[in-house]
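Good morning, colleagues. Please take a moment to look at the sequence and the structure before I begin.

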Amino acid sequence: MNSIERVGAAIELQEPDRVPVDLHDFQVAARASGLPMSEIFRDGALLAEAMLAAWREFGHDMILLENGTACSAEACGMVVRYGDDTAPVAGRPILDSLSEVADLQVPDPYVTFPMSEILKATAFSRARSATKLGSARRADQGPMDLAAELRGISEFMMDLATGEEEGLVHALLDYARRVATRYAYA
């Protein structure tokens, strides 16, 4: 079996020739490239090349394309810090008040950075590995994580604990769900 067949068999609950392997190695692959992570995680082609180099070395079945948990937050308007030796980190929350949720727009992943670069990495890696390799683009920053980044973890936890603005908490979670869903479908 090749990687695609192996992963497909596992998904279909059939027995593959061996357990499919997926390395969660986006930071390791970026570091191994020798380029600053701040460059790798801003450029889909560089990210894909780093991930493909790791695949060639280790022979795993899936490439997990991502640049960290700040991707959706940045696409939603947060300032993100790109360090040369770490994944991007979201900065100051953008929602001082839950009422500001109404002003947020769901980003278009095809044109909004950095989602668009992850989509580029997906196409780039697929083209260079043909049918030999499975790929998964991460859209796993779910509603709770994204809502906490946009609002600030302490503020969001207090919003949840007090229940004073339950409707607005639900609106924020629904917004974050729509962001995650649109990105995943892309």
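A search of the whole structure, which is a predicted model, finds zero disulfides. Cys 71 is in no disulfide, and the cysteine sulfur nearest to that of Cys 71 belongs to Cys 76, 9.4 Å away. Why is there no bond for Cys 76? A disulfide is a covalent bond between the sulfur atoms of two cysteines. The sulfur of Cys 76 lies 9.4 Å from the closest cysteine sulfur, in Cys 71, and this is too far for a bond; the cut-off applied here is 2.5 Å.

Are these two cysteines buried or exposed? Cys 71 counts as buried, at 6% relative accessibility. Cys 76 also counts as buried, at 9% relative accessibility.

I turn now to the surface. Met 144, Ile 153, Met 157 and Leu 160 make a nonpolar patch of about 350 Å². Which element contributes the largest share of this patch? That share, three residues, comes from helix 8, residues 153-162. Ile 153 lies in helix 8. With a relative accessible area of 52%, Ile 153 is classed as exposed, because the threshold for that class is over 50%.

Finally, I would draw attention to Ile 4. Ile 4 is found in helix 1, which covers residues 3-11. The relative accessible area of Ile 4 is 40%, so this residue is classed as partly exposed. In sequence, Ile 4 and Met 62 are 58 residues apart, while in space they are 8.4 Å apart, C-alpha to C-alpha.

Technical notes. Residues are numbered from 1 along each chain as its sequence is written. This is a predicted model: local features need pLDDT of at least 70, side-chain atom pairs count only at pLDDT 80 or more; totals for chains, interfaces and linings use all residues. Side-chain values use heavy atoms; hydrogens and water are left out. Patches are made of residues with over 30% relative accessible area and no salt bridge: like charges are joined within 9 Å, nonpolar side chains (Val, Leu, Ile, Met, Phe, Trp, Tyr) within 5 Å. Accessible areas come from the Shrake-Rupley method with a 1.4 Å probe; for residues, only the protein chains shown count as cover. A salt bridge is a side-chain nitrogen of Lys or Arg within 4 Å of a carboxyl oxygen of Asp or Glu. Helices (H or I, at least four residues) and strands (E, at least two) are DSSP runs, numbered from the N terminus. Buried means under 20% relative accessible area, exposed over 50%, partly exposed in between (1.4 Å probe, protein chains only).
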